[in-house]
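Here is a short set of exercises to work through with the structure open beside you. Try each task on your own before reading its solution.

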Amino acid sequence: MSTITTPAAVHHEPTVSAPAPHQASFLSTYVFSKDHKVIGLQFLFSTLVWFLIGGLLALAVRWQIAWPWSDVPVLGKLFAQEGGQMAPEFYTMLFTMHATVMIFLVIIPILAGAFGNFLIPLMIGADDMAFPTLNMLSYWFMWPAFIAFGASFFVEGGAASSGWTSYPTLSTNIASSPGAGWGQTLWLLGLTMVGVSSMLGSVNYMTTIILMRAPGMTMFRLPMTIWAMFITAVLQAFALPVLTAAGFMQLADRTLGTGFFSPEGNIVNNWMQATGGGQPLLWQHLFWFYSHPAVYIMILPAMGMVSDILTTFARKPLFGYRPMVYSIAGIAGLGFIVWGHHMFMSGMNPALGITFMVSTMMIALPSAVKTFNWLGTIWGGRVQFTTAMLFSLSFVSMFIIGGLSGIFMAATPVDIFIHDTYFIVAHFHYVLFAGTAMGVFSGIYYWFPKMFGRTMNEFWGKVHFFLTFLFMNGTFFTMHILGAVGFPRRLADAYHYETFHHLQPLNAFMTWCAIGMVATQAIFAANFFWSMFFGPIAGRNPWRSNTLEWTAPSPPGHGNFDFQPVVHRGPYEYSVPGVEKDHLMQTDPPNAAATAALAAAH
Amino acid sequence: MPVNRLAGILWSLLFLAVPVLGVATFAVAPAFDIWLPADVSEHGKAIDGLFYFILALTGVVFVGTEIALFWFLWKYDAAKATGPATYVHGNHTLEVVWTIIPAATLLFLAIYQMNTWADVKMRRPPMSPSVEVVARQFEWRLRYPGRDGTLGTPDDLFLVNDLHVPVDEDFLVQLKSMDVLHSFFLPNLRIKQDAVPGMKIPVWFKATETGQFDIVCAELCGWGHYKMKGRVTIESREDFDRWLESQYAKQEATQPEPDPATAVASN
């Protein structure tokens, strides 16, 4: 053990980069890099670009809902067939691709790909991932997906337009809609590639977390971010093969003439499916068997990151560490037996609906436990309102809304009325945008110093937070009452219905808020790129946090640590009585006062 | 007042605005008629009652947790609270309490609603179908059993998008789809059921008031999904019979021998 440098001595060293073990070319350093940090940043930049594209698609959708058939400003000339107004099939394509881009090219890869890659080795004290080449491939397998989804906009008939759920027979019968030709085939290929990428990441994360933890880093000393990433990786590994298989079955239905998902003699728009004998509901079961766990893949990592950020800026240990771990595991376990709640109205046996209703009600429980523990963490703390903290607090505040609104849909009789209305649109935007995206912003502001060695501007960060928070609620909260009227989703124009004709002004208000929300992100982009080059130098541990990544240089060099980290305690020892500074890092040497305080606290 | 404390106050108030404006939105919406449309079905009362019950329950939890969040931010602002943070890793009793109470509530909710679900989707009235609704891109094809009261016989009555229903009687729809998925959504009758190619799905309700209402397609069915609109007319038994007779007369005038095999491609 004599080779181990004591961490305390290293913390205040002003060294900025670790010694590079070998000279590497530009190509192998920045493009085909096997360094988990570079791969993480590659994921981050790619997903942020798609985030912008997905946001613009959403604006186009909102434009049509607020002012149907009116000329689209600026962009109208680019895509419109006649004049500047959009055709209904174009609108159908827009919301299909908005959801596809946001889910498969933004949320899943930004959480697991960007944050998972960047943080896992740093937070467990490893020099890299277990399989660096596999890791590199997991990023480069995203490119065929980027190309497939991106190119599908330009093929004949346009991109996929059967919804992101791709329900047969709309998706399998190539005459069902203009986007059901090449667009849908490219969509399936893109989806498969995203799956390959996720699977490569997943096995890598599991192996790394299990085998490569630093000495002393027991499983129950892992930060919540890593627990969340670990359980997410397990979810991916078990759920993804089903989606991939289902995707190939649909591809075969479309191109090889099989009939997994079409009944005998199915005719759409005068085009008869060659073979039949299949079941449209089979796709829904297979799709949701992956895509419901995927809902948790899309939020668990954000929950983990928020838990870490809340403790840092409340200067307080996480309330209920073990219950927090168990509740993530509970969500993951129950997540496999609730998929049928997407299918209450699908024609599935209503008796089966009751089973799924009960399991769905029960999955609200671990989410409630997590919320109470976050509140318990803030209670008695010393709250510092940094930008990262504000975004994390808004995650908690908004997740409460998204969690509670889910109970309405879980109640099967109520779901009869609100299924496929704006109530569900409100629900998943509260979970995925007001929840996960806030967690992602929080994570970016928090770990930016570790990624680039500089901190982001706090003033503009807070302006970004305030405006996003305001516009986000203006856009999404109003969707609840729209859903209460029964306003259906995916309608290019609903105002010719007597029930919905009076809702245009509300929709116009929401669209203005959505425009404001997207425009606000310019502040974020400017702050991000400006700070990358001109922000104040951060140093190793600008937030006085406890976890291992803050002992490494900012940014960490190849191999991450310039000493061998040895872990002596859990990640949340803030404000320990009898200890002079208000935080004890995981690598700080054993401290008698801290040991006594910990013993007294239990 | 130090700048930091002022900032802390403002941020806390922003989080207080969430429950205040959230409740206000729901309170004000009905005044603008942005609320549940009038219910004209027998089972709708149970559905709406459950909606209001869950709204009240989640409303209390929403306001309670959001105000707790505001209060903690206000009180434990580092610019206000002095001394170190409370050094605590959790509380076993609290964890048990806030696990068991929501678990019991959710389980109660799950059991409480089962009967309504069974009424609407499982306890099918013992009768033959009043009408067959066949969805296709982008219309609702209706087929009433003719004078013989049996579907699939040569005297069936064929209509499009114009559903008529007698008030205060059980009404059983046999729902089918010719091409892709559709969803038979009657907002005022609190009915929604997907139509699936290859399946016959029964849908039933009892209308309690007369009037004309919307039929909406609620499952994406292609580019014309938005215009797949029908109307349901709920009328007295006498009016319904009179309407039925007039439709027969019309059909017989234009189409002497309707052949079910060609008139509607049945799956």
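**Exercise 1. A bridge and its sheet**

Task: Find the bridge partner of L172(B) in strand 8 of chain B, and then place strand 8 of chain B in its sheet.

Solution. Step 1: L172(B) has W204(B) as its bridge partner in strand 8 of chain B. Before going on, please note that this is a predicted model, in which local features need pLDDT of at least 70, side-chain atom pairs count only at pLDDT 80 or more, and totals for chains, interfaces and linings use all residues. Residues are numbered from 1 along each chain as its sequence is written, while chains are lettered from A and ligands numbered from 1 in the order in which they are written. Helices (H or I, at least four residues) and strands (E, at least two) are DSSP runs, numbered from the N terminus.

Step 2: Strand 5 (residues 170-177) of chain B pairs with strand 8 of chain B in the antiparallel sense, over six bridges. Two strands pair if DSSP finds at least two bridges between them.

Step 3: The sheet is open and has five strands in the order 3-2-1-5-8 (chain B), with mixed pairing. Strand 3 (157-160) and strand 8 (201-206) of chain B are its edge strands, each pairing on one side only. From one strand to the next, the twist averages 25 degrees.

**Exercise 2. The other sheet and a helix**

Task: Describe the sheet of chain B with the order 4-10-9-6-7, and say which strands helix 4 of chain B lies across.

Solution. Step 1: This open sheet of chain B also has five strands and mixed pairing. Its edges are strand 4 (162-166) and strand 7 of chain B, each of which pairs on one side only.

Step 2: Strand 6 and strand 7 of chain B run antiparallel and are joined by five bridges. Here F184(B) has Q193(B) in strand 7 of chain B as its bridge partner.

Step 3: Helix 4 of chain B lies across strand 4 and strand 10 (230-235) of chain B, at about 140 degrees to strand 4 of chain B. Helix 4 (residues 237-254) of chain B also lies across strand 2 (139-144) and strand 3 of chain B, running at about 95 degrees to strand 3 of chain B. Axes are lines fitted to C-alpha atoms, for helices over the stretch in contact, and angles run from 0 to 180 degrees between N-to-C directions.

**Exercise 3. Between the chains**

Task: Work out how many residues of chain B are in contact with chain A, and which helix of chain B gives the most.

Solution. Step 1: The contact takes in 85 residues of chain B and 96 residues of chain A. Residues are in contact if their C-beta atoms, placed from the backbone, lie within 7 Å.

Step 2: Helix 3 of chain B gives the most to the side that touches chain A, with 16 residues. By class, that side of chain B has 54 nonpolar, 19 polar and 12 charged residues. Ala, Val, Leu, Ile, Met, Phe, Trp, Tyr, Cys and Pro count as nonpolar, Asp, Glu, Lys and Arg as charged, and the others, Gly among them, as polar.

Step 3: Now look at one helix pair. Helix 13 (residues 350-378) of chain A and helix 2 of chain B have axes 9 Å apart and pack at an angle of about 20 degrees. They are therefore roughly parallel to each other (angles under 35 degrees count as roughly parallel, over 145 as roughly antiparallel, 65 to 115 as roughly perpendicular and the rest as oblique). T371(A), L375(A) and I378(A) of helix 13 of chain A meet T65(B), A68(B), L69(B), F72(B) and L73(B) of helix 2 of chain B.

**Exercise 4. Inside chain A**

Task: Decide whether helix 11 and helix 16 of chain A are oblique or roughly parallel to each other.

Solution. Step 1: The axes of helix 11 (residues 300-314) and helix 16 (residues 422-452) of chain A come within 9 Å and cross at roughly 50 degrees.

Step 2: The two helices of chain A, helix 11 and helix 16, are therefore oblique to each other.

Step 3: Among the residues in contact are A302(A) and M305(A) in helix 11 of chain A, and G435(A) and T436(A) in helix 16 of chain A. The contact of helix 11 with helix 16 of chain A has six nonpolar, five polar and no charged residues.

Key. Two residues are in contact if their C-beta atoms, placed from the backbone, lie within 7 Å.
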